[in-house]
Amino acid sequence: MASDGKFVIAFDLYGTLLSTKSIAEELAKHFGDKAVTIAATWRKYQLEYTWRLNSMAQYMPFSSVTQRSLHHALSENDISLPSEAAVASLMSAYDSLSIFPDVAPALESLVKSSSVTPVVFSNGTQQMVGNSVHRSPDLSPYSNVFSDMVTVEEVRKFKPHPDVYYHLANKVGKSKGQMGDIWLVSGNPFDIVGAKAVGMKACWVDREGQGWSDRLAEGNVGVPDFVGKDLGEIVEVILKTPKMGE
């Protein structure tokens, strides 16, 4: 994608556009009241596995990470699924996660804007992300909003490794010297800090209203450029930002 002087808005997928908590509905079919706890544990190990793989200079597709972290969560809770078919059904459900309530109106506002280039930017595999964007009942109606789906498969590293963000820049036609022309929008603090470390702008979606508490990095590098209570508020702020050269 050639750079055209526009800002790029890179939307994280899992935990930002899609609610990973919504998988609890599928888990409840097997585990009842334990579903919410299992879903949270699954997500915890899914992220932990990506960070551990980065630290070990190893890579496996996010689909494999997701399935292995599911088994970890089940084992920790001393439960299991009845069959491989049940596992496959859960993995399929992961491609149809629900969007957060604030996502639809925010994406609709971008349809009318020509000042930014929206993309999806995810740890997921191209197949997982493509399924979510094009087949998810909630997200697919807005698939035309995104000009591209950028995943980590080519670089074989996960967020927040710097190479992942430079890969994004290359995909959207920006150089390393133009990282500030890219806005990351994410609900994941580790993603925000990773983007800021390479010079990107970053907005954190604080839907729970807890406030920013991450203390890994000091100064401006360690905090978002903007914290919004929902996606619409964040998109509005970005759209009001003067274009480059203005």
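What follows is a friendly exchange between a colleague and a modeller about the structure above.

Colleague: Before we start, what kind of model is this, and how are residues numbered?

Modeller: This is a predicted model, in which local features need pLDDT of at least 70 and side-chain atom pairs count only at pLDDT 80 or more, while totals for chains, interfaces and linings use all residues. Side-chain values use heavy atoms, with hydrogens and water left out, and residues are numbered from 1 along each chain as its sequence is written.

Colleague: Thanks! Let's begin with strand β1: how many of its residues are buried?

Modeller: Strands here are DSSP runs of E with at least two residues, helices are runs of H or I with at least four, and both are numbered from the N terminus. Buried means under 20% relative accessible area, exposed means over 50%, and partly exposed is in between, using a 1.4 Å probe and protein chains only. In a regular strand the side chains alternate between the two faces of the sheet. For β1 (residues 7-11), F7, I9 and F11 on one side and V8 and A10 on the other are buried, so the number of buried residues is five of five.

Colleague: Which residue in β2 stands opposite F11?

Modeller: Two strands pair if DSSP finds at least two bridges between them. Five bridges join β1 to β2 (residues 116-122), and the two run parallel. Opposite F11 in β2 stands V120.

Colleague: And which residue in β4 is the bridge partner of I9?

Modeller: β1 is also joined to β4 (residues 182-186), by four bridges, and these strands run parallel. The partner of I9 there is W183.

Colleague: Which helix gives the most to the largest nonpolar core?

Modeller: In soluble globular proteins, nonpolar side chains tend to be buried together. A nonpolar core is a set of buried Ala, Val, Leu, Ile, Met, Phe, Trp, Tyr and Cys residues joined through side-chain atoms within 4.5 Å. The largest one has 83 residues, and those touching the most other members are F11, I23, L27, L107, L168, V185 and M200. With seven residues, the helix that gives the most to this core is α2 (residues 35-55).

Colleague: What is L27 in contact with, leaving aside its neighbours within four places in sequence?

Modeller: Contact means heavy atoms within 4.5 Å. L27 is one of the core residues that touch the most other members. Its contacts beyond those neighbours are G32, A35, I38, A39, W42 and L90.

Colleague: T41 is in α2 as well; is this residue buried or exposed?

Modeller: T41 sits in helix α2. Leaving aside neighbours within four places in sequence, T41 is in contact with A73, E76 and N77. Because its relative accessibility is 10%, T41 counts as buried.

Colleague: Now the largest pocket: which element supplies the largest share of its lining?

Modeller: On a 1 Å grid over the protein atoms alone, a pocket is an open set of points with protein on both sides within 12 Å along at least five of seven lines, a cavity is a set where a 1.4 Å probe fits but cannot get out, and lining residues have an atom within 4 Å of a point. The largest pocket holds about 730 Å³ of space, and of its 26 lining residues the closest to the centre are G15, K21, G187, N188 and E208. At least two lining residues each come from α2, α8 (189-197) and β5 (201-205). The largest share, six residues, comes from α2.

Colleague: How much space lies in the largest cavity?

Modeller: The count comes to one cavity of 30 Å³ or more. The residues lining the largest cavity are D12, Y14, R43, L47, F62, S122, N123, K159, N188 and F190. Grid points are joined across faces, edges and corners, and a volume is the space filled by probe spheres set on the points; for the largest cavity that is about 60 Å³.

Colleague: Which residue does a cis peptide bond join to K159?

Modeller: Most residues other than glycine have a negative phi, and most peptide bonds are trans. Here the cis bond has an omega of about 10°. The partner lies in the loop between β3 (148-151) and α7 (162-171), and that residue is P160.

Colleague: Last one: what is the phi of A57?

Modeller: A57 lies in the loop between α2 and α3 (62-76). At 72% relative accessibility, A57 counts as exposed. Its phi is positive in a residue other than glycine, near 55°.
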